[in-house]
Amino acid sequence: MIEFYNELRELLNVFEVSSYISIRDEKEKRKKDSQDVLTFALTLKSSNENLYRFFARIGYAYEEYKSRLSRLASEYLKHKLFTIELWKRKSLLIETEIGKGISQRNVARLVDCSHDFVAAQLKGKDVHLPRKNFVEFDRWIDKYENDCFIENKIIEIKEIKCDDVRDITCSQDHNFISNGFISHNCNYSSKIIEPIQSRCAVFRFRPLKQEDIKKYLNFIAKNEGLKIEEDGADAIIYVASGDMRKAVSALQVAASVSEKIDAENIYRITATAKPEDVKRMLNTAIEGDFIKARNCLDEMLINYGLSGEDITKQIHKTIFDLSIPDEKKIELIDKTGEVEFRMVEGSNERIQLESLLAHFMLAGKKT
């Protein structure tokens with residue numbers, strides 16, 4: 001039993017949550033065999049910081065009532081810690097002003113605190129949050145749910161240096177509440193249902209330029225001691241299609257499986273066929289050799305583990321690079337869209353892909 005509790009403690013430590021195990025003998029006996037029973041308890045340390053880390057980073061995932069309370073508790077404790085930090089600043093200010101020869105009463109008025117607080121800080125006591133200065137949790141919940149917001153006093157407004165922002169994240173905390181705001185990132189806002197969209201501010205980010213992605217990949221490689229081959233960088237850029245998140249994920253996975261980050265590994269771990277292989281397959285079909293084109297399709301399905309939708313998307317990309325008249329490209333794009341729709345609706349992927357190759361062959365005969 002103690003091993004189980006130790007494992008739980010280790011898991012909590014991963015999230016920087018401190019806990020301790022207590023064992024009590026309450027003189028109980030097991031009913032079926034009258035054996036003595038010990039009571040084990042895993043207790044979280046009760047500091048504000050520790051409880052905040054628990055509620056914000058772990059919480060309760062399987063019980064809606066507790067999950068709701070844990071989210072509220074994390075916001076409550078964050079606000080409480082913020083308030084304590086303000087009082088610590090007051091403590092430092094008290095020392096400074098007293099050093100200037102100002103009386104304790106005048107310092108109390110200047111800092112907006114009680115004379116007792118000034119006296120306590122001069123004696124070197126720790127800063128504790130006076131109960132009257134902070135609302136209790138039950139009242140916090142009522143206020144939060146009734147008013148839908150909590151006020152914080154603005155201490156100062158100053159301009160700070162900032163870098164370009166590419167994403168909105170919730171650092172460390174294992175939820176989507178960041179400083180009281182719900183944040184979520186996605187590639188297509190249209191896939192978020194309208195009731196949620198109507199309550200959100202949508203920030204749209206354009207796809208990044210290839211040189212920007214390459215620059216950041218080189219930055220990561222330099223700091224992580226990685227070596228990215230030139231064709232490997234080009235492959236990541238092709239796979240990412242302007243999405244830095246995809247680019248970094250591809251680099252991370254590639255680095256975890258091989259020290260050599262080249263195009264071959266990138267295409268394999270991202271389940272992406274080489275652009276030249278897709279183009280060769282389509283050109284083979286256009287030239288009239290359906291069986292050979294079908295064999296190319298088999299190789300991609302087996303070697304790269306692609307789904308029908310993955311191949312369809314790459315075919316769509318490659319059509320624009322084919323040496324055929326524009327009107328034929330339009331016909332093939334239309335057919336590709338139809339095939340993709342059928343696969344999404346549940347049609348057999350293999351039959352649909354071979355049907356698409358047949359249309360490429362027919363298009364080649366008509367040119």
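Helices (H or I, at least four residues) and strands (E, at least two) are DSSP runs, numbered from the N terminus. The expected span of a helix is 1.5 Å times one less than its number of residues. Helix α1 (residues 2-14) has 13 residues, and the distance from its first C-alpha to its last is 19 Å, close to the 18 Å expected at 1.5 Å a residue. Just after α1, Glu16 adopts a positive phi of about 60°.

This model is predicted: local features need pLDDT of at least 70, side-chain atom pairs count only at pLDDT 80 or more, and totals for chains, interfaces and linings use all residues. Residues are numbered from 1 along each chain as its sequence is written, and side-chain values use heavy atoms, with hydrogens and water left out.

**The chain as a whole**

The secondary structure of the chain amounts to 16 helices and six strands. Of its 367 residues, 32% are buried, where buried means under 20% relative accessible area, exposed over 50%, and partly exposed in between (1.4 Å probe, protein chains only). About 25,100 Å² of the chain is exposed, and carbon and sulfur atoms supply 51% of this area; accessible areas come from the Shrake-Rupley method with a 1.4 Å probe, and for residues only the protein chains shown count as cover. A contact means heavy atoms within 4.5 Å. Among contacts between residues at least 6 apart in sequence, 60% join residues at least 24 apart.

**Nonpolar cores**

A nonpolar core is a set of buried Ala, Val, Leu, Ile, Met, Phe, Trp, Tyr and Cys residues joined through side-chain atoms within 4.5 Å. In soluble globular proteins, nonpolar side chains tend to be buried together. The largest core here has 45 residues, and those with the most contacts inside it are Ile213, Met281, Leu282, Ile315 and Phe360. Helix α9 gives the most to this core, with six residues. At least three residues of this core come from each of domain 3 (210-270) and domain 4 (275-364), the bounds being taken from an automatic or database domain assignment. Apart from this core lies another, of 14 residues, among them Leu12, Ala73, Leu77 and Leu81. Leaving aside neighbours within four places in sequence, Ile213 is in contact with residues including Leu208, Ile237, Ala240 and Met244.

**Salt bridges**

A salt bridge is a side-chain nitrogen of Lys or Arg within 4 Å of a carboxyl oxygen of Asp or Glu. By this rule the count is eleven salt bridges. The table lists some of them.

| Pair | Closest N to O |
|---|---|
| Lys214 and Glu230 | 2.4 Å |
| Asp298 and Arg350 | 2.0 Å |
| Arg350 and Glu354 | 3.0 Å |

Lys214 in helix α8 (residues 210-224) and Glu230 in helix α9 (residues 230-240) are 16 residues apart, and their pair links distant parts of the chain. Lys214 is partly exposed, at 23% relative accessible area.

The Asp298 and Arg350 bridge likewise links distant parts of the chain: Asp298 lies in helix α13 (residues 290-303) and Arg350 in helix α16 (residues 349-366), 52 residues apart. Asp298 counts as buried at 19% relative accessibility, whereas Arg350 counts as partly exposed at 32%.

Because Arg350 and Glu354 are four residues apart in helix α16, about one helical turn separates them. Glu354 is buried, with a relative accessible area of 19%. A network of salt bridges links Arg294, Asp298, Arg350 and Glu354.
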